[in-house]
Amino acid sequence: MKVNGVLIEQTFAEAFTMRVARLVVTARSERWVRECALKLTGFATSVIGCKCEAGIERFLAPSETPDGRPGVSVLFMVMARDDLPKRLVERVGQTVLTCPTTACFDGLPDATDRVTVGGAVKFFGDGFQASKVIGGRRYWRIPVMEGEFLCEATFGMVKGVGGGNFLVLAESPDAALEACEAAVDAMDPLPGIIMPFPGGVVRSGSKVGSRRSKTMIASTNDAFCPTLRAITPTQLPEGVNSVLEIVVNGVDAPSISAAMRIGILAACRPGVVAISAGNYGGKLGPHHFHLRQVLEAPA
Amino acid sequence: MSGLLLALRAPLAERVDLAALTAPGWQALDAAALGARVVRGLRSGAIAAGDLFTIRGAPGPLLTLEGDLALADHVGAGLDAGTVHVRGSVGARAGAAAPGAKRGMTGGALVVFGDAGPEAGASMRRGCLAIAGRAGPAAGLAMLAGTIVVAGAVGEDGGRFSKRGSLVAFGDVTIPGTYRHACTYQPQVLRLLLAHLRSAHGFAVPGAVFDGRWERWSGDLAESGKGEILTHVRPEAA
């Protein structure tokens with residue numbers, strides 16, 4: 001199968017079930033929404049080293065937020081359900097509580113599985129905190145030097161999917177990067193997904209484990225490293241000199257499938273030789289996104 | 001939101017205590033069952049609610065009262081969940097503790113699209129009482145917690161002996177001497193609350209109020225001092 005002359009390899013992306021929370025953060029202005037979102041989702045590229053994966057889902061107009069101010073929707077994902085409250089409490093406590101003018105709301109209010117967040121962050125209030133129940137949802141008012149920080153008591157948690165991906169195999173680093181930029185731009189507006197790596201793009205795709213160290217759980221994906229083509233069992237076609245990966249997490253498999261389709265189509269441009277995907281033989285992750293099936297699915 | 005609609009059959013000729021109307025369990029009652037609940041007239045004694053109101057609709061979480069209920073006391077007393085809308089004014093102790101009860105509302109929302117008499121929300125424990133008109137004297141008397149929003153003026157002694165309650169006043173209010181000024185600010189919880197009152201209940205909130213600044217008064221310092229009166233700072237005074 002080829003798209004715009006780019007080979008779509010007969011392979012699949014292998015993804016995992018993760019636990020997801022959606023945070024809606026509002027602030028007085030878009031400036032402070034952005035400042036908070038960047039800190040909140042910082043250092044959250046991969047559970048391998050960051051304990052969680054997070055990203056901006058989309059920015060929200062005042063008419064879309066609970067308090068009528070500019071806002072942002074952020075997705076947080078972890079592997080184990082017990083990890084989510086820890087990650088949320090430490091990140092909300094350090095990046096949203098601290099950010100001027102912000103308030104923090106649950107973006108999954110219908111989820112029956114609940115995680116205590118405001119109900120833990122409240123202890124910063126040292127006994128001066130107070131709660132209000134509005135529309136059946138409890139909010140904590142935590143006094144801070146600026147005024148008050150408002151944070152919803154509990155957040156919904158649902159099962160999502162993490163690790164959807166595709167690899168852009170290109171003739172040059174410039175061609176790979178331009179293709180990925182086009183893909184990310186096309187995928188970015190889609191709801192229900194995040195791309196947790198810098199600018200949505202990963203240059204250091206990994207394989208499970210390490211040749212040299214038993215303690216490392218991941219190391220460089222040498223089969224796709226152009227500099228190692230001559231000394232490893234390479235998977236790179238002739239003419240490929242650079243590979244970049246786009247990783248996409250989502251609230252469900254259809255969201256990821258739709259995003260991969262749009263991203264791959266955008267990435268199939270001059271200078272790109274092939275599109276591949278990362279997997280572990282299909283034995284680790286329950287979600288398999290076959291590239292050709294993804295592209296053949298109705299838009 | 002579905003529920004029963006109660007329309008006053010005729011103007012009230014005497015004070016009536018409607019506490020029994022919203023005693024727990026009302027959401028599951030159909031028109032006949034709610035009409036059989038016994039309320040009390042000051043002179044007449046026991047009266048079936050169905051004799052005072054025509055009742056129609058299906059059981060649900062919303063109870064709507066229509067008519068001038070200025071002579072009706074204890075409207076919404078004992079409310080623990082659901083929503084009560086009153087399309088008119090109410091008498092004394094709306095949302096307050098019913099006779100013999102220790103606590104007033106313990107949940108839900110009571111929205112009065114008119115004036116409220118004395119001691120509205122007295123001894124409230126939880127929930128929200130919103131009054132589109134004026135509130136009589138001693139609104140929020142001895143509140144344990146919960147929120148009272150008054151769009152009009154608040155009578156004297158509002159918030160007296162409140163422990164942790166919030167009294168939110170768009171209009172004039174005399175701050176009791178046992179409250180102390182804290183600051184002028186924009187509490188986000190109020191934007192959330194007012195947005196909810198607008199969207200869920202059709203409660204009118206002027207833009208200047210929604211976006212405005214508020215004076216926070218802490219009290220009652222004769223109690224724990226964890227309560228508050230929030231007064232809107234009018235633009236000309238800002």
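These are my notebook entries on a predicted model with chains A and B.

**Entry 1: the A/B contact**

I started where the chains meet. The contact draws 14 residues from chain A and 14 residues from chain B. On the chain A side, the elements giving two or more residues are strand E8 (130-134), strand E9 (137-144) and strand E10 (147-152). I noted that E8(A) supplies the largest share of that side, four residues. I also sorted the chain A side by class and got seven nonpolar, three polar and four charged residues.

**Entry 2: helix H5 of chain A**

Next I checked the length of H5(A), residues 173-187. Its 15 residues should span 21 Å at 1.5 Å a residue, and the end C-alpha atoms are 21 Å apart, so that agrees.

Which residues of H5(A) are buried? I found A:Ala175, A:Ala176, A:Ala179, A:Cys180, A:Ala183 and A:Met187. Looking down the axis, I see these buried residues within an arc of 125°, so they line one face of the helix. That fits the usual rule: residues three or four places apart point the same way, because an α-helix has 3.6 residues a turn. On the other side of H5(A), I have A:Asp174 and A:Asp185 as exposed.

Then I asked what covers the buried residues of H5(A). The cover includes strands E12 (158-170), E13 (193-194), E14 (201-202), E17 (242-250) and E18 (272-276), plus helix H6 (253-267), of chain A.

**Entry 3: the core**

I pulled up the largest nonpolar core, which has 161 residues. Those with the most contacts inside it are A:Val25, A:Val168, A:Ile275, B:Val112, B:Ile131 and B:Val150. Strand E3 of chain A (residues 12-26) gives the largest share of this core, nine residues.

I picked B:Val112 for a closer look. Setting aside neighbours within four places in sequence, B:Val112 is in contact with B:Val86, B:Val90, B:Ala94, B:Ala130, B:Ile131 and B:Ala132.

**Entry 4: strands in chain B**

I went along strand E6(B), residues 62-66, and saw the side chains alternate. B:Leu63 and B:Leu65 point to one face and are buried, while B:Leu62, B:Thr64 and B:Glu66 point to the other and are not.

E6(B) has a parallel partner in strand E1(B), residues 3-8, with five bridges joining them. E6(B) also pairs in the parallel sense with strand E8(B), residues 83-87, over five bridges. I used B:Glu66 as a marker: B:Ala7 stands opposite B:Glu66, and in E8(B) the bridge partner of B:Glu66 is B:Arg87.

I also traced an open sheet of four strands in chain B, with the order E4-E3-E2-E7 and mixed pairing. Its edge strands are E4(B) (45-48) and E7(B) (72-73), each pairing on one side only. Strand E3(B), residues 38-41, runs antiparallel to E4(B) and is joined to E4(B) by four bridges. Across that pair, B:Gly41 stands opposite B:Gly45.

**Entry 5: B:Ser162**

Last stop was a loop residue. B:Ser162 sits in the loop between strand E11 (147-150) and strand E12 (166-169) of chain B. Is B:Ser162 buried or exposed? I counted 35 C-beta neighbours inside 10 Å, so B:Ser162 counts as buried; the cut-off is 20 or more.

I looked up one pairing in space: B:Ser162 and B:Asp220 are 58 residues apart in sequence, yet 5.4 Å apart C-alpha to C-alpha. Leaving out neighbours within four places in sequence, I listed the contacts of B:Ser162 as B:Gly140, B:Ala142, B:Met143, B:Gly219, B:Asp220, B:Glu223 and B:Gly227.

How values were computed: Residues numbered from 1 in each chain as written. Chains lettered and ligands numbered in written order. Predicted model: local features only at pLDDT ≥ 70, side-chain atom pairs only at ≥ 80, totals over all residues. Contact = placed C-beta atoms within 7 Å. Nonpolar A, V, L, I, M, F, W, Y, C, P; charged D, E, K, R; others polar. Expected span 1.5 Å × (residues − 1). Buried ≥ 20, exposed ≤ 12 C-beta atoms within 10 Å, placed from the backbone. Arc of directions from axis to C-beta. Pairing = 2+ DSSP bridges. Core = buried A, V, L, I, M, F, W, Y, C linked by C-beta atoms within 7 Å.
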